[in-house]
Amino acid sequence: MRGFRWPPPPDGGPRTWGPGPGAPRTGRPALPEPETELVATPHGVSLERLVTGTGEPVTVFAHGLGNGIATTRPFGSGVAGRRIFFQFRGHGRSDSPPGPWSYLDLARDLRAISDLGGATRAFGASLGAGALCRLLAESPERFERLVFFLPAVLDTPRGEVARARLTGLLDAVAEGDASALADVVSLELPPSVRNTPAGWAYLRQRLDQLLRDGLAPGLADLPGQAPLDDAGSLAAVTAPALVIAAADDDLHPVAVAERLAAALPNATLHVYDRPGVLWTERADLRGRVSEFLNG
């Protein structure tokens, strides 16, 4: 990133060195986090939860590694009915039982939140998509509609680049190193948004949350795991599914999304032509997700 410095400029605006125009002032950070509640689950792990909206259907939203409620809320803005957002174990205020953990543990978290809230539809992003796959392999008829956003892994562990980046995130949080953490989190932003007021606001918000809440050590082994032994275990899932990917995303290869869509009998695959779609394709993405889940 050209001219990146931490801490950010006092005014939150771009600060670059050398010739060349500044980056465009576009994009939005994640929504601020509202007041949440802790709920007990049958498997003994209390999980942080936020419920919005009323009526039917009920949709559960599962986040990615190092993310949480704030980053999944935008996906539910146009979704009808009740929306349940939660934090997996080791994130936010959710419990951190002794690790290491597996995708089976995450699937139990997702199942418990879904059962307690009566969810009939599910959205999973990255790590959450993997947890959703694991749940469906055991209970293929659990949901009526499914959305997989940027699936990262299916039945083969992540590649070396992805594992190194996620390990760097976990290490920076564990050490409380704001500068190193900012370097890792900044990679979530498209180049056009870096060093803009919106980009700095996003970095501040993500760093504040991560350094405040931390990430549990039990998450450390997850980047080297896969949720399934065989993608063929999803063959019994008949619910309509939408799989969303983005080209050139190092953490979420299009090939994984293609294999997931092929493994699901009733899936539609949509691939955006560049990464960073929460910033560059926000309106289209939200509309696509809500139209599918409201169907």
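Helices (H or I, at least four residues) and strands (E, at least two) are DSSP runs, numbered from the N terminus. With those terms in hand, one can place Asn 195 in the loop between helix 5 (178-185) and helix 6. The model described here is predicted, and the protein in it contains nine helices and eight strands. Of its 295 residues, 53% are buried, and its accessible surface comes to about 12,100 Å², with 50% of that surface belonging to carbon and sulfur atoms. When contacts between residues at least 6 apart in sequence are considered, 75% of them join residues at least 24 apart.

**The sheet**

- The eight strands form an open sheet with mixed pairing, and their order across the sheet is 1-2-4-3-5-6-7-8.
- Strand 1 (37-39) and strand 8 (267-272) stand at the edges, and because each has a single partner strand, one side of each is left without a neighbour in the sheet.
- From one strand to the next, the twist averages 20°.
- In general, the strands of a sheet pair through backbone hydrogen bonds, and the pairing may be either parallel or antiparallel.

**Strands 2, 3, 4 and 5**

- Strand 2 and strand 4 run antiparallel and are joined by four bridges; within this pair, Arg 49 has Phe 86 in strand 4 as its bridge partner.
- Strand 3 and strand 4, by contrast, run parallel, and four bridges join them as well.
- Strand 3 (residues 58-62) is also joined by four bridges to strand 5 (residues 121-125), and these two strands run parallel.
- Thr 59 takes part in both of these pairings, since its bridge partner in strand 4 is Arg 83, while its bridge partner in strand 5 is Arg 121.
- Strand 4 is mostly covered, with four of its five residues buried.

**Helix 2 and its neighbours**

- Helix 2 lies across strand 1, strand 2 (47-52), strand 3 and strand 4 (82-86), and it runs at about 150° to strand 4.
- As a general point, two packed helices are described by the angle between their axes and by the distance between the axes.
- Helix 2 (residues 103-117) packs against helix 3 (residues 127-138) at an angle of about 85°, and their axes are 8 Å apart.
- Angles of 65 to 115 degrees count as roughly perpendicular, and helix 2 and helix 3 are therefore roughly perpendicular to each other.
- On the helix 2 side, the residues in this contact are Tyr 103, Leu 104, Leu 106, Ala 107, Leu 110 and Arg 111, and they meet Leu 127, Gly 130, Ala 131, Leu 132, Arg 134, Leu 135 and Glu 138 in helix 3.
- Sorted by character, the residues of this contact comprise nine nonpolar, one polar and three charged.

**Backbone features in the loops**

- The peptide bond from Glu 56 to Pro 57 is cis, with omega near -5°, and Pro 57 lies in the loop between strand 2 and strand 3.
- Another cis peptide bond joins Gly 99 and Pro 100, where omega is about 0°; Pro 100 has its place in the loop between strand 4 and helix 2.
- Ser 126, found in the loop between strand 5 and helix 3, has a positive phi of about 55° although it is not a glycine.
- Buried means under 20% relative accessible area, so Ser 126, at 12% relative accessibility, counts as buried.
- Asn 195, whose loop was named at the start, likewise has a positive phi, of about 60°, although it is not a glycine.
- Asn 195 has 5% relative accessibility and therefore counts as buried.

**Ala 216 and its surroundings**

- Ala 216 is found in the loop between helix 6 (197-213) and strand 7 (241-246), and because its relative accessibility is 9%, Ala 216 counts as buried.
- Leaving aside residues up to four places away in sequence, Ala 216 touches Gly 90, Ser 96 and Trp 101.
- Ala 216 and Ser 94 are 122 residues apart in sequence, and in space they are 10.0 Å apart from C-alpha to C-alpha.

Key
Residues numbered from 1 in each chain as written. Predicted model: local features only at pLDDT ≥ 70, side-chain atom pairs only at ≥ 80, totals over all residues. Heavy atoms only, no water. Axes fitted to C-alpha atoms, helices over the stretch in contact; angles between N-to-C directions. Parallel < 35°, antiparallel > 145°, perpendicular 65-115°, else oblique. Contact = heavy atoms within 4.5 Å. Nonpolar A, V, L, I, M, F, W, Y, C, P; charged D, E, K, R; others polar. Buried < 20%, exposed > 50% of the residue type's maximum accessible area, 1.4 Å probe, protein only. Areas by Shrake-Rupley, 256 points an atom, 1.4 Å probe, with all protein chains shown as cover. Pairing = 2+ DSSP bridges.
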